[in-house]
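Take a moment with the sequence and the 3D view below. We will walk through the fold step by step.

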Amino acid sequence: MDVLEAIKTRRSVRKFLDRPVEPEKLQVVLEAARMAPSWANMQCWRFVVVQDQEVKARISELSYVEAYFATRGYKSNPSQKALAQAPVVIVACADPMQSGDIHGGDYYMADLGIAAENLMLAAHAVGLGTVFVGVFDEEHLRELLSIPSNIRIVGLFPLGYPVEGGKAGPPRKPLEEIVFHGRWNG
Ligand SMILES: Cc1cc2nc3c(=O)[nH]c(=O)nc-3n(C[C@H](O)[C@H](O)[C@H](O)COP(=O)(O)O)c2cc1C
């Protein structure tokens, strides 16, 4: 699949077939994340691949953060079931000490964002689906997966063969609204 085609047709997938992900395809997805650009090529990312059903079920529980969702009128994280149902969950982590902190920015978030998009596009290109899950109970997830306290967990990616397909997805703002020419608001 052409990269522009992949960018255009990728969608967040939250329902998966009861079909395992072949190890070769999982490898393709992880390899795509590995090849992402990063601050000074420091590659601060680490990925925990979870396939155990009980652990995935616990991760799913930890994706509902009441303080976040209840105040927004959600009963659950829209991806909560997906985390238990998908055959694979990739937990994307970062070591902030291995990235930039200039301009007050935590560039590990940028590094992980780029790796995440590579991961999602590669999944789509090989016929799999995933979604970036950014809301979860980081502290308890760290405990569950024995992730050290200096490591941040940035995103969870349930991965599998999609049930849904061909939906348009939520609209994007038009370019006129987000692109300025020459100066701010120009
Ligand atoms: C940083 C980030 C965090 C996200 N967190 C969640 C989440 O916790 N739960 C969820 O269901 N979707 C989550 N999403 C998915 C977005 O809702 C989705 O990408 C957006 O609505 C656009 O839809 P599309 O991916 O189908 O184009 C997240 C996406 C990003 C980039």
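**Around the ligand**

Start with Ser 79. An N or O atom in the side chain of Ser 79 sits 2.7 Å from an oxygen atom of the ligand. Keep in mind that this is a predicted model. The protein covers 65% of the 630 Å² of accessible area that the ligand has on its own.

Ser 79 has company. Arg 11 also uses its side chain: an N or O atom there is 2.6 Å from an oxygen atom of the ligand. Phe 132 makes its approach through the backbone. A backbone N or O atom of Phe 132 lies 2.9 Å from a nitrogen atom of the ligand.

Now widen the view. There are 14 residues around the ligand. Those that come nearest are Arg 11, Ser 12, Asn 77, Ser 79 and Arg 172. What classes of residue make up the shell around the ligand? Six are nonpolar, four are polar and four are charged.

Next, find the sheet. Strands of a sheet pair through backbone hydrogen bonds, either parallel or antiparallel. In this model, four strands form an open sheet, and the pairing is antiparallel. Read across the sheet and the order is S1-S2-S4-S3. Which strands sit at the edges? They are S1, residues 45–50, and S3, residues 129–130. Each of these pairs on one side only.

Look more closely at S1 and its partner. Strand S2 covers residues 88–94. Six bridges join S1 to S2, and the two strands run antiparallel. For one bridge, find Val 50: its partner in S2 is Val 89.

Helices lie across these strands. Helix H2, residues 23–34, lies across S1, S2 and S4. Strand S4 spans residues 152–160. H2 runs at about 165 degrees to S1. Helix H7, residues 138–145, also lies across S1, S2 and S4. The angle of H7 to S4 is about 70 degrees.

Follow the chain out of H2. Pro 37 is in the loop between H2 and S1. Beyond its neighbours up to four places away in sequence, Pro 37 touches Trp 45 and Ile 114. Pro 37 and Asp 111 are 74 residues apart along the chain, yet their C-alpha atoms are separated by 7.1 Å.

Finish with His 124. Where does it lie? His 124 belongs to helix H6, residues 107–125. Leaving out residues up to four places away in sequence, His 124 touches Met 1, Ala 6, Thr 9 and Arg 10. With Arg 10, the side chain of His 124 reaches the backbone nitrogen at 3.5 Å. Compare Leu 83: it is 41 residues from His 124 in sequence, and the two are 17 Å apart in space, C-alpha to C-alpha.

Note on methods:
Residues numbered from 1 in each chain as written. Predicted model: local features only at pLDDT ≥ 70, side-chain atom pairs only at ≥ 80, totals over all residues. Heavy atoms only, no water. Pairing = 2+ DSSP bridges. Contact = heavy atoms within 4.5 Å. Axes fitted to C-alpha atoms, helices over the stretch in contact; angles between N-to-C directions. Near = heavy atom within 4 Å. Polar contact = N/O pair within 3.5 Å; in protein donor to acceptor, adjacent residues only side chain to side chain. Areas by Shrake-Rupley, 256 points an atom, 1.4 Å probe, with all protein chains shown as cover. Nonpolar A, V, L, I, M, F, W, Y, C, P; charged D, E, K, R; others polar.
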